[in-house]
Each structure stands twice: as structure tokens, then as C-alpha cells.
Amino acid sequence: MRRLLALRREGKLTTTRVRLAADVLGVRERAVWRWLAAAERDEAVARAPGERAAYPGRFTVTDEVRALLRLWKGKVAAVHRELAARAARGEGEPPPSIPTLHRAIQRDLTPGERAGLAGGERAARKHDVFLARPRGWRNHVWETDHVQAPVLVDVDGKPRRPWITWFTDCATNAITGLAVTAAHPSRESVLAALRSAVLREDPYGPFGGLPEKVRVDRGKDFLSRTVTAAFDLLDVTVEDLSAYTPHLKGTVEGLNRAVESMFLAALPGYARQPRPGKRASCPKDEALLSFEDFTARLLDWTRWWNTEHQPVPLRGRTPLEAWQDDPTPLRDVAAADLWTFTLEDAGTRTLTTRGIRFRKRDYVGPWMTGQSGIQVRIRFMPHHDHRIEVYHAATGRYLGPADLADQATEEQISAVRRVRAARARRLKKDLEASQRDRYAAVNQPEAPRRLGALTTAQAEAELAQAADTNLSDLALPDLIPPAAPPADWRTPPSLATRTAPGRPAPLPAELAADGPPGPTAQTAEDGDAS
């Protein structure tokens, strides 16, 4: 605008230049001519063309307006009604018109402030500027996360949304390893994904090796004792990020968004697919993928991402090409050692004639013949109760696996699961019924009135049933009265009647050595004189 003003004063400003400036600014040509005329009168207008000049008495956003915007979630009309109501009660000046209030908010508050007052910190963060970390080198920093796939998958005849746990290299955007869980993930999912990420053998290669650092959020699975111990044994630094800061691990968060838009959205059973009707649910006749098919397709997509896809930060290269172009040496770990390091340590046990006793169960193996009496160390995969790994306690030598003795059949396990599910449904139904309170509907101000009448017999039956299960009601604290306190204690009469008469309680050792003071000593002297 200052350049146009200088050209106008020199007489060199043409209509073509004004029309070009209007196109760049996105306004009409007449608006540019009007701004130039205003700038000739006041050069300060050229700094912010189009903005109204400040004048005495112009309405500005105050702390009161900010508080009302936060209260009413950024709704300007609601803020105007509140200001008008306060003015009617004599609590302030009449508010300006709604358009004036809109202009003041747009002028005095930044887009981030307006979004934060309406939607909170997460909405305000969308308007912030974040610095990009340097790319670094391969295996310098990894990032890991859990993400629930928005796809319904057939798991044992039930539709479920599986979880994906993966590790990604920040320098090359390569997916080094992943693990898929049919239900909620755990530390076992993290350890399985870590093994697939570190190993560079088929089918995991060529990505892998030990990273220098791993960024995690505050998920309890990533910070569990077993996972942190595995990272310590592998000499990997764990960087625990602050809570609710996804922008601090942008590589894996970007991968979570990319896998949905580039792969999961095209699968059958996609839960966020626009559907006809009021409820966006999956049709009952829609054929779902099995858990095996979903895992196979996800692994194929992962190979495509690593070998064919060209992420924007890599500037025309695939993650595989960026990995191979990096000359940084890799730190490898043998598969047997990696398996040992990523198992949970359960301490030492003694091998008996019945095998190894662990969690009230016996585990046996064919290699135990003739080994009874030795001390062994147990390691196991979390939640894999059917097998444990056994090592020599003194030398650390691997002895072999041990399987659960007298393991139930699949039919028995299925029956137990059905019984547990039915019991859980009954308990949930009873709990919901007990917590469902009903109150009478009112149309006048009055105290709430609870509904639900019981007969005397019903109340007595329910109380009798609860009395048999409440152990505190069955306790008899006065069955054996406590011993009488020492004679020198000042015992209230109300408590003296509740103590057992007879011999008083013994004094502490330090007081017994010196003898009781006061009236007790005098009583002893009187007794000796008699």
C-alpha cells in the first residue's frame, strides 16, 4: 500500500497496477482507491489498509467480555444477551449492537484466542505454530503409539475394532515394526511390536536395529516395569512426553491419520463411513474381514508404505531409499537374546518332582527329567499363561520351555468364558437397576421427591440378605472386653465400665523399671507398712 501511495504521489499510478493490487488483496478495485485516498490524509492508514481508524469511545473487548465468551463457549449473541440483562439490572453500561460486538471480538482477539474461548486448549492449539525437529539419522529417534482401527473385524464371531501398536523411525518415516491386537493392547503388544521392529531378518527386514531413543506418551503400557526394563537392557533411552501433547510426536501421529485415510477407509466394516439413516452403524448383512485377513492386509499396506510411498518430508524418496542412503551403522541383537530381554522376569523357583510352581499352577517340560532340585529363573510373556521360559538361576543358561500341566480343553475354556460373560451381564443389569433412581416430575419449585415404594416384608428380606454378607455387622467388638488401664491413668467412667475388671494392663518396660509415680508409689509404701 505504501508503494502504491508513492506511485500516486509521483503521478505514475495506473489502473492496471490498482487492479492487480485488488486481485492480490482479494478486494474490489474501488476499495483500493478508497484506501489510497484515506492514506493521503493519514499515512498511518497505509500500515493496515481496510481497518477502521481508532476513535475515542470505540468499544473494545474487556475482561468481562472475555469471561462471558468463555462462559458461553464463544457465542456472541449469548454474550450480548447477558450484557443487556446486566445493564437492565443496573450492573453496567448498555452493550453495543451485535455487529459492533462481532467487529470488536474479531479485531481485539486472535483466532487462537477465539477458538480457545469456544473450544478449549485443543481448539486453540490448531492455530499455533510449531517448530519442526531436525530429521536426524536412521535409528536416532523412534516414536511409538497405540491406535484403534475404525474398522469392525470378525473376532471369534463378534465384531471388534482391533488395536495397532507400531514403531516408526523419525528420520526416514519408515514403519520399523508393528503388532495387532484383537482387544485392548497391553505391555505384551508393546513387546511384540518391539521385537518385530528391532529384528532385521525376514519378514521384518531391512528396517530395524536398536534405536538411540524412543518417544512415548504417558501410556501405562509403555511405562510398565517390563517394558522399561527391556529398554534398559537394550540400552535404549525412553523419552516420556508430557500428557496431551500429540504435537511432540508428530511422526507417529501423522502415521495414525494417514493409515485411516489411505487404507482403513476403503475396508469393509469401516465404522466412520457415511451411511443412510439416523444411526451411522454397520449394516447387519455387511461381510466383515476376519482378524487374519485384516492383519495380512495391514502388513501389505505397511510394505507399500515403506517401499513405494513417497512422504512429503522425504522429497521424492521412499522410506526404503532414505534408509539405504543413510550410512549410519546399525546395532543388531541376536533373536534369542532379544526374546530373552523382552520377557518379564518372575524371579527364581525350585524345580521339584511336580515341575515348577508358578502362580498356583504347575508347569512341566520334557527336559526336566533328572533336573529336580535345581534353582531356575522364570521368564514369561505377559498374559501368555500357557507357557513359561526357564533359565538356570546361577549361569543364566536357557533350559527350555515349560507348559501348563493339566491344561483345560478348548471346549472347557469356551464354556467358562460363556459362563463368565453371562454372569457379567447379570451383575451389570443388577448394578444398573440398583443405581436407577426415579423422582417425581414437578412443575413448581419444591424439594425432590424420590419414588419407589417397598412393603415391610420386602424391606426386611433385603436387609436380612445384606446382613449375612456384611462382615462389619457380624463383628462382636465387646465379646472380649479390653483389659483395665493402669491405675495411674485417668479413665472416663463411660470407658471404665467397658473394661474387664481384675488385673490391670502391664506398664511399658521403661516405666516399669523406674516404678510408677504419684499415688501408685504411695500405695505400694502403705502396703509394705501394713
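The following legends describe an overview and several close-up views of a predicted protein model.

**Figure 1. Overview of the predicted protein chain.** The protein chain comprises 530 residues, of which 31% are buried. Its secondary structure consists of 20 helices and 14 strands. Among contacts with a separation of 6 or more, 55% join residues 24 or more positions apart. The chain exposes about 34900 Å², and 53% of this area is supplied by carbon and sulfur atoms.

**Figure 2. Confidence along the chain, with a view of helix α20.** The mean pLDDT of the protein chain is 85, and 89% of the residues score at least 70. Strand β4 (residues 163-169) has the highest confidence, at 96, whereas helix α20 (residues 519-529) has the lowest, at a mean of 41. Across residues 516-530 the pLDDT is below 50, and this stretch has 4 contacts in the model beyond near neighbours in sequence. Where pLDDT is low, the predicted coordinates should not be read in detail.

**Figure 3. A nonpolar surface patch formed by Leu20, Val24 and Leu25.** Together, these three residues present about 320 Å² of accessible area. Leucine 20 belongs to helix α2, which spans residues 15-25. Leucine 20 counts as exposed because its relative accessibility is 56%, and the cut-off for an exposed residue is over 50%.

**Figure 4. Buried residues of helix α7 and their cover.** Helix α7 extends over residues 111-119, and Gly112, Ala115 and Leu117 within this helix are buried. The cover over the buried residues of α7 includes α4 (63-71) and α8 (121-125). Glycine 120, located just after α7, adopts a positive phi of about 90°.

**Figure 5. Antiparallel pairing of strands β9 and β12.** Strand β9 covers residues 344-350 and strand β12 covers residues 375-380. The two strands are joined by 5 bridges in the antiparallel sense. Threonine 348 lies opposite arginine 377, a residue of β12.

**Figure 6. The hairpin of strands β12 and β13.** Strand β12 also pairs with strand β13 (residues 387-392), in the antiparallel sense and over 4 bridges. In this pairing, isoleucine 378 stands opposite valine 390 of β13. The hairpin has 6 residues between the strands, and histidine 383 takes a positive phi near 70°. Strand β12 thus appears in both close-up views of strand pairing, with β9 as partner in one and β13 as partner in the other.

Note on methods
Residues are numbered from 1 along each chain as its sequence is written. This is a predicted model: local features need pLDDT of at least 70, side-chain atom pairs count only at pLDDT 80 or more; totals for chains, interfaces and linings use all residues. Side-chain values use heavy atoms; hydrogens and water are left out. pLDDT is the predictor's confidence in each residue, from 0 to 100. Contact means heavy atoms within 4.5 Å. Patches are made of residues with over 30% relative accessible area and no salt bridge: like charges are joined within 9 Å, nonpolar side chains (Val, Leu, Ile, Met, Phe, Trp, Tyr) within 5 Å. Accessible areas come from the Shrake-Rupley method with a 1.4 Å probe; for residues, only the protein chains shown count as cover. A salt bridge is a side-chain nitrogen of Lys or Arg within 4 Å of a carboxyl oxygen of Asp or Glu. Buried means under 20% relative accessible area, exposed over 50%, partly exposed in between (1.4 Å probe, protein chains only). Two strands pair if DSSP finds at least two bridges between them.
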